[in-house]
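Open the model in your viewer and keep the selection tool at hand. The stops below go from a single residue out to the whole chain.

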Amino acid sequence: MSAAGCAPSKPLWLLAELTYACPLQCPYCSNPLDFHRYKDELDTETWKRVLREARAMGAAQLGLSGGEPATRQDLEELVAEARRLGFYTNLITSGIGLDVERIERLREAGLDHIQVSFQGSSEEINDHLAGTEAFRHKQAIARAVKAAGYPMVLCFVLHRDNIDSMDAVLTLASELQADYVELATTQYYGWAWANRDRLLPSREQLQRGEAIAHAWQERMKGRMKIYYVVPDYYETRPKACMNGWGKVFLTIAPDGTALPCHSARELPGLSFPNVREHALDWIWSESPGFRRFRGFDWMKEPCRSCDEKEKDFGGCRCQAYLLTGDAENADPVCDKSPHHDRVLAAIEQAAATPAEKPLVFRNPRNAKRISSTTVHETAPAAPRANDPGQPERSQT
């Protein structure tokens, strides 16, 4: 099937990355390493136009993310416009920037869903990884979300430094009366890529954590839904990244750049259009960046002749680039890939990396240094981490 020979499906899910500003400095943040360059955020009226155009194309789900979307003072206004248009809206937040009164204003504006993230199960772990004192506030916000009548949806990003606390993580979720818990294993893009050797858990850690997660799933059946996905690097088949390039998901970055996925900026040789200059329908249907990996004609072997290509679409293009230097290669996670040894080598390299090696925290000063380094084949060496006790400065 050729990308040029068929009309693409319409986007169902719009991810509005409202800002890269964030009071946290998580070392696994998926924002670009050079996020500090993108300071010219879309204004309120332009975001409203984007929402209108996306809804007219058929998008039904709206994710409001960042950075920290609650740093936007127009968040309630954007939620109200999304409700007017008929979107189902999901706020993806650290909880920082929210309080009881603002949660009520968002509820009145029509917000459907709030997902609150935690960095760990204890104040010590959470605040170290967040780079600021946030744990107690997150607990209070989670309770306030529940009290406002929302389903309690919690997200814990798992990696080497907290996966051994899986039981404590789920105990915390139970104490907070969570309805849904996402055990989100770290995906190695952005800052997580810079910290891959330090964050990638061992196979033994993964097996222990998976057993605990499955035990809790049985224990909480009918009371708390627990979602747990094995990290890509420990699979033998790739996931259908974003359900296929430019098939379902559409991301708009804070500066208005339209992307097939939030990490697509990393791919060299591709340019992505901006909503300030082009209509969303043209961007989705006609722009070269969105057409680049649609269909199957772009595929090399073994993907081109693989009987599983309609299920996984060759895997993740960003992961293929980061691990092999060529986005057209089969995702090396797949054991059919001629580059699968890169994944095995990454696991070995992580196992040999001492836990004492400093993490690189999301920080503008470090961002300027990292962005100029090589970003494929091997994870970049981490520069000296800044003091994790100093919170991230706003980039607005």
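Select S263 first, in the loop that runs between β9 (258-259) and α10 (280-286). Colour those two elements as well, so that the loop holding S263 is marked off by β9 on one side and α10 on the other. This is a predicted model.

Is S263 buried or exposed? Its relative accessible area is 4%, and S263 counts as buried because that value is under 20%.

Next, show the side chains of Y189 and C318. Leaving aside residues up to four places away in sequence, S263 touches Y189 and C318.

Now select residues 8-223. UniProt, in an unreviewed entry, gives this span the feature "domain: Radical SAM core". Helix makes up 43% of the span and strand 16%. Put a distance label on its end C-alpha atoms: they lie 39 Å apart.

Then select the whole protein chain and switch to a cartoon, where 15 helices and nine strands can be traced. Along the principal axes, the C-alpha atoms fill a box of roughly 50 × 50 × 45 Å. The radius of gyration is 20 Å, which agrees with the value near 21 Å for a compact globule of 396 residues.

Of the 396 residues, 58% are buried. Among contacts with a separation of 6 or more, 74% join residues 24 or more positions apart.

Finish with the surface. Its accessible area is about 16,300 Å², with 50% belonging to carbon and sulfur atoms. Colour by charge to pick out 48 positive and 54 negative side chains; the centres of the two sets are 1 Å apart.

How values were computed
Residues are numbered from 1 along each chain as its sequence is written. This is a predicted model: local features need pLDDT of at least 70, side-chain atom pairs count only at pLDDT 80 or more; totals for chains, interfaces and linings use all residues. Side-chain values use heavy atoms; hydrogens and water are left out. Helices (H or I, at least four residues) and strands (E, at least two) are DSSP runs, numbered from the N terminus. The radius of gyration is taken over C-alpha atoms; the globule rule is 2.2 Å times the number of residues to the power 0.38. Buried means under 20% relative accessible area, exposed over 50%, partly exposed in between (1.4 Å probe, protein chains only). Contact means heavy atoms within 4.5 Å. Accessible areas come from the Shrake-Rupley method with a 1.4 Å probe; for residues, only the protein chains shown count as cover. Lys and Arg count as positive and Asp and Glu as negative; His and the chain ends are not counted. The place of a charge is taken as NZ of Lys, CZ of Arg, CG of Asp or CD of Glu. UniProt positions are given in the numbering used here, feature names are shortened, and annotations may be inferred rather than shown by experiment.
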